[in-house]
Amino acid sequence: MIALVYLIPVSLLFGLASLAAFLWALQSGQYDDLDGAGERILIDSEPEGKPGSH
């Protein structure tokens, strides 16, 4: 039972820290372009020519 005295405040602290991190991510624009990263992976950014020759 004494463990709850420690676990409840620690869990509340972790919850508040994760909420703060989520709100910071919203404010800094982390979720603005959700499709851009998925589409950028498909774009071929290597120059034309043989692979490995620079």
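1. What should the 26 residues of helix α1 (residues 2–27) span at 1.5 Å a residue, and how far apart are its end C-alpha atoms? The expected figure is 38 Å, taking 1.5 Å times one less than the number of residues, and the ends sit 39 Å apart, which agrees.

2. A quick word on the source: this is a predicted model, where local features need pLDDT of at least 70, side-chain atom pairs count only at pLDDT 80 or more, and totals for chains, interfaces and linings use all residues. Residues are numbered from 1 along each chain as its sequence is written, and side-chain values use heavy atoms, with hydrogens and water left out.

3. Overall, you have 2 helices and 0 strands (DSSP runs: H or I of at least four residues, E of at least two, numbered from the N terminus). Just 4% of the 54 residues are buried (under 20% relative accessible area; exposed is over 50%, partly exposed in between; 1.4 Å probe, protein chains only).

4. After α1 comes G29, with a positive phi near 85 degrees. Y31 then sits in the loop between α1 and α2 (36–40).

5. Have a look at Y31 with F22: they make an aromatic pair, tilted, at 6.0 Å centre to centre and 50 degrees between the planes. Phe, Tyr and Trp rings (six-membered ring for Trp) pair with centres within 6.5 Å; planes under 30 degrees apart are stacked, over 60 edge-to-face, the rest tilted. F22 has a relative accessible area of 39%, so it counts as partly exposed, and Y31 is partly exposed at 42%.
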